[in-house]
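Here's a quick tour of how this protein is put together on the inside. Have the model open and follow along.

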Amino acid sequence: QSFRITLLPGDGIGPEIMAVTVDVMNQIGSQLDLSFDFQEALMGGAAIDETGSPLPEATLETCKQSDAVLLAAIGGYKWDTLPRHQRPETGLLALRAGLELFANLRPATILPQLVDASSLKREVVEGVDIMVVRELTGGIYFGEPKGIFQSETGEKRGVSTMAYTESEIDRIGRVAFETAQKRQGRLCSVDKANVLEVSQLWRDLITALAADYPDVELSHLYVDNAAMQLVRWPKQFDTIVTGNLFGDILSDAAAMLTGSIGMLPSASLGADGPGVFEPVHGSAPDIAGQDKANPLAQVLSAAMMLRYGLDQPAAADKIEAAVNTVLDQGYRTGDIMAEGMTPVGCKAMGDAILEALA
Ligand code: NAI
Ligand code: MG
């Protein structure tokens with residue numbers, strides 16, 4: 001089987017971690033008889049320098065023609081002085097909009113070898129493996145009316161509107177149930193249905209959807225309680241589904257449980273077209289070009305691409321197992337270094353993964 005993959009290495013450490021990931025994918029491909037047709041395209045600061053735009057039309061077109069998009073990270077000091085609407089980050093928003101990516105999947109998995117990186121107690125975080133499914137294109141960030149208006153009393157009045165339509169809830173709900181099916185089969189829907197009408201509709205529709213997924217166990221939590229439970233006993237969660245605002249907050253909180261930004265992948269999915277798979281971290285300009293970057297979040301993003309974008313779970317399992325192996329062997333980049341471990345750079349970490357796969 002053959003897949004067309006668009007690579008967006010972007011800026012900073014992006015090209016370094018992408019190079020490692022492409023080698024890993026090629027090796028997996030040759031083992032499992034999958035072939036990857038990689039097309040590299042410009043995005044972010046690199047694209048601004050060449051074309052003036054952070055997401056050139058040609059890049060979006062290449063992405064649309066592919067089966068999945070693997071993105072590294074964009075941005076850096078060089079472009080920090082540009083006005084906000086011209087900065088590399090606007091390319092990310094344009095990419096999400098252009099590919100109609102409405103579901104954002106963010107795992108917070110605590111690998112046994114990195115338990116001590118978390119700021120929480122060992123017994124609380126050991127074995128945590130959560131996936132937050134966040135709605136990405138609706139809710140209070142986009143609902144109308146929005147704006148700062150003049151009220152009748154002459155005061156200014158800031159307005160944002162939390163709104164979801166049935167079809168918006170239905171499509172994110174389906175992604176969430178299908179994600180739970182690929183995991184432990186437990187889905188917790190998070191809302192504020194005791195106060196918000198939009199959440200009442202959300203809860204009713206998610207509850208109705210459960211009939212289509214009899215193998216998934218559904219529960220509901222109010223968002224305030226969910227935040228509390230996430231910190232108190234995160235192991236109780238498997239898959240969480242929630243709206244844009246609650247998901248923004250909860251996915252960052254869940255990520256912090258792990259304590260290692262260089263380890264966290266993410267996925268953004270649309271209805272039929274290609275998804276975008278990228279690490280949660282940024283372009284780390286402070287260590288760019290020094291062979292210091294941790295490539296594991298990028299490599300794990302490729303695993304998410306294989307699992308959630310290309311439906312190749314066996315290949316994803318192999319990558320995740322190899323990451324586990326190199327950590328067991330004691331290899332650590334600077335960001336996850338601990339006493340008694342073997343320090344390696346980005347390239348050497350990549351070589352260790354290739355060896356673990358062989
Ligand atoms: P950052 O995630 O790039 O870096 C934060 C800290 O973590 C730095 O000390 C960095 O060296 C370290 N770090 C991050 N990833 C690492 C890795 N793989 N291995 C080892 N260390 C790693 O966030 P920061 O500093 O806030 O932003 C830097 C640039 O990245 C900015 O231009 C920002 O706009 C952009 N950015 C881009 C994102 C994206 O492309 N999705 C997301 C977040 C930030
Ligand atoms: Mg956030």
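Below are notes on the core, the sheet and the helices that pack on it.

Keep in mind that this is a predicted model. Its largest nonpolar core has 106 residues, and its strands include 10 that form an open sheet with mixed pairing.

**The core**
- If you want the residues with the most contacts inside the core, look at V133, F277, V299, A302 and I319.
- Helix α10, residues 296-309, is the top contributor, giving 10 residues to this core.
- Both domains chip in: at least three core residues come from domain 1 (1-101 + 263-358), and at least three from domain 2 (119-258).
- Click on F277 and you'll find that it touches A68, V69, L70 and L71, along with P265 and A267. F277 also touches S301, A302, M304, M305 and G309.

**The sheet**
- Walking across it, the strand order is β2-β1-β3-β12-β11-β4-β5-β10-β8-β9.
- β2 (35-40) and β9 (217-222) sit at the edges with a single partner strand each, so each has one side without a neighbour in the sheet.
- Ignoring direction, neighbouring strands are turned by 25° against each other on average.
- Strands β4 (residues 103-109) and β11 (residues 265-269) run antiparallel and are joined by three bridges. L105 has A267 in β11 as its bridge partner.

**Helices on the sheet**
- Helix α7 (residues 197-209) packs on the sheet, where it touches β8 (186-191) and β9. The direction of α7 makes about 165° with that of β8.
- α10 lies across β3 (68-73), β4, β11 and β12 (275-279). Relative to β12, α10 runs at about 155°.

Key: Residues are numbered from 1 along each chain as its sequence is written. Chains are lettered from A and ligands numbered from 1 in the order in which they are written. This is a predicted model: local features need pLDDT of at least 70, side-chain atom pairs count only at pLDDT 80 or more; totals for chains, interfaces and linings use all residues. A nonpolar core is a set of buried Ala, Val, Leu, Ile, Met, Phe, Trp, Tyr and Cys residues joined through C-beta atoms within 7 Å. A residue is buried if 20 or more other C-beta atoms lie within 10 Å of its own, exposed if 12 or fewer, and partly exposed in between; C-beta atoms are placed from the backbone. Helices (H or I, at least four residues) and strands (E, at least two) are DSSP runs, numbered from the N terminus. Domain bounds come from an automatic or database domain assignment. Two residues are in contact if their C-beta atoms, placed from the backbone, lie within 7 Å. Two strands pair if DSSP finds at least two bridges between them. Axes are lines fitted to C-alpha atoms, for helices over the stretch in contact, and angles run from 0 to 180 degrees between N-to-C directions. Lists of a residue's contacts leave out its neighbours within four places in sequence.
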